[in-house]
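Hi everyone, thanks for coming. Today I'd like to walk you through the surroundings of a ligand, so please have a look at the screen.

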Amino acid sequence: MSSRSIPIRPRRNRKNPAVRGLIRETHLSPADLIYPLFIQEGEDDTPIESMPGCSRWSLKGLVAEVGEAKKAGVRSVVLFPAIDDSLKTPLAEEAYNPNGLVPRAIQAIKAAHPEVIVITDVALDPYNSEGHDGVVVPDASGELQIVNDHTIDILCQQAVSHAVAGADIVAPSDMMDGRVAAIRDALDREGFDGVSILSYTAKYASAYYGPFRGALDSAPKAGDKKTYQMDPANAREALREASLDVAEGADMLMVKPAGPYLDIIRSIRDATDLPIAAYQVSGEYLMIKSAAKDGWIDEEKVAMESLIGIKRAGADMILTYFAKDVAARLIS
Ligand code: PBG
C-alpha cells in the first residue's frame, strides 16, 4: 500500500462556473419570491421615503406593478394598506369592511391577473386607532392591555372578508394566541376551505420594522408590541409557537425578520414538515439600499446573497421588497 497521502483539494469543485453550477446546493427562483406591496386610496402613487424603490400604490398603480412583477416571474404578492386616520377606530371595524381598500385591491388584482397568488395580512394595526395589532383596553391600573380573544373575533371577520374578495392565502401577523385555529374554523364555516393560512409563527418584537411603520404610519401610539411579538433572545419559544400553529391547522409557517433569525428558520425547518416562509423586512431592505446608495456595497450582489442565505437556512419562500428586481435578474 502506498504511504503517499492524497492531497485533498476542495478547490477542484470550484474550478469554473459550470462545475460550480453542478455542485450548487441552494437555488433561488422567481417562484420562491413573494412581493409585499403597499396600497392607498386615490389616484396617486406615492414613493415611500423610508423605503427607497417602494411606493404606496393606487389600485391602478398596484395592478400595473403586479403586472411588471409578473413579467419578471413573480407569482405571489402580499398586500399592506395605508388607512386614512378617519377610518381608524378602537375596534378596527374597517378591518372587515367588505368594500374596504384591501378587498377592492384583491378584486382588482384578480380581475387583471387571475393567476397571481394574492396574500393578505391579517392584523388590526392599520385600522386600530392605537396602532396595535389587537384591541387595546386599559386595565384597572391604566396599563394598556392587548385583549387576545376579542381581537381574534375581529381577525376572523377580517380573514373572511379577504376570502370573500378572492384572497388565496391569509397571513395572520398579529401573534394572538389561538388565532390560526379560529381563523381556520371561520373560513371553513363560510365555505372557504380552499383558502390557505400562512401563519406568522415566530414574529419577533423587532426594531427592523421601523421603515414599514413609517410607510404606513402604523407605529403604536403608546407602548410597544412586546406582549405579543416574541423576544429576540428566544429560540425554543419559536418551536413552541410552531407546534401550536401546526396543531391549529396552518398551511405554511413564517419566521420574521429573516436575516437576523436564520437559526430560527433552520430549527423550525427541521422540526416540522410544513413549508417555511421568511420575511426579509423593511429594515433589512433599507440597510442594503442605504449602504449601496452610499457606494459601500453592491446592491444587486448583496441582495442576492442575503436571499440565498435565507433559503440555505431552510426557507422555501421569501417575502422581500427586492422580489421584482431580483426575479428580473434571475430570468435575464
Ligand atoms: C403588522 C406588520 C408589520 C410588518 C408586517 N406586518 C409591522 C409590525 O408588526 O409592527 C413589518 C414588515 C416590515 O417591516 O417589512 N401586522
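The shell around the ligand splits into seven nonpolar, three polar and seven charged residues. Here Ala, Val, Leu, Ile, Met, Phe, Trp, Tyr, Cys and Pro count as nonpolar, Asp, Glu, Lys and Arg as charged, and the others, Gly among them, as polar. This is a predicted model, where local features need pLDDT of at least 70 and side-chain atom pairs pLDDT 80 or more, while totals for chains, interfaces and linings use all residues. Residues are numbered from 1 along each chain as its sequence is written, and side-chain values use heavy atoms, leaving out hydrogens and water.

Which residues are closest to the ligand? Of the 17 that surround the ligand, the closest are Ser173, Arg213, Lys256, Ser282 and Tyr321; to be near, a residue needs a heavy atom within 4 Å.

Now the polar contacts, meaning pairs of N or O atoms within 3.5 Å. A polar side-chain atom of Tyr321 lies 2.6 Å from a ligand oxygen. For Ser282, the distance from a polar side-chain atom to a ligand oxygen is 2.7 Å. Asp133 has a polar side-chain atom 3.2 Å from a nitrogen of the ligand. Taken alone, the ligand exposes 410 Å², and the protein buries 100% of that (Shrake-Rupley method, 1.4 Å probe).

So much for the ligand; let's end with helix α6. Residues 210–216 form helix α6, which gives three residues, the most of any element, to the lining of the second largest pocket. Helices here are DSSP runs of H or I with at least four residues, and strands are E runs of at least two, numbered from the N terminus. A pocket is an open set of points on a 1 Å grid over the protein atoms alone, with protein on both sides within 12 Å along at least five of seven lines, and lining residues have an atom within 4 Å of a point.

Conventions:
A polar contact is a pair of N or O atoms within 3.5 Å; within protein, one must be able to donate a hydrogen and the other to accept it, and residues adjacent in sequence count only if both atoms are side-chain atoms.
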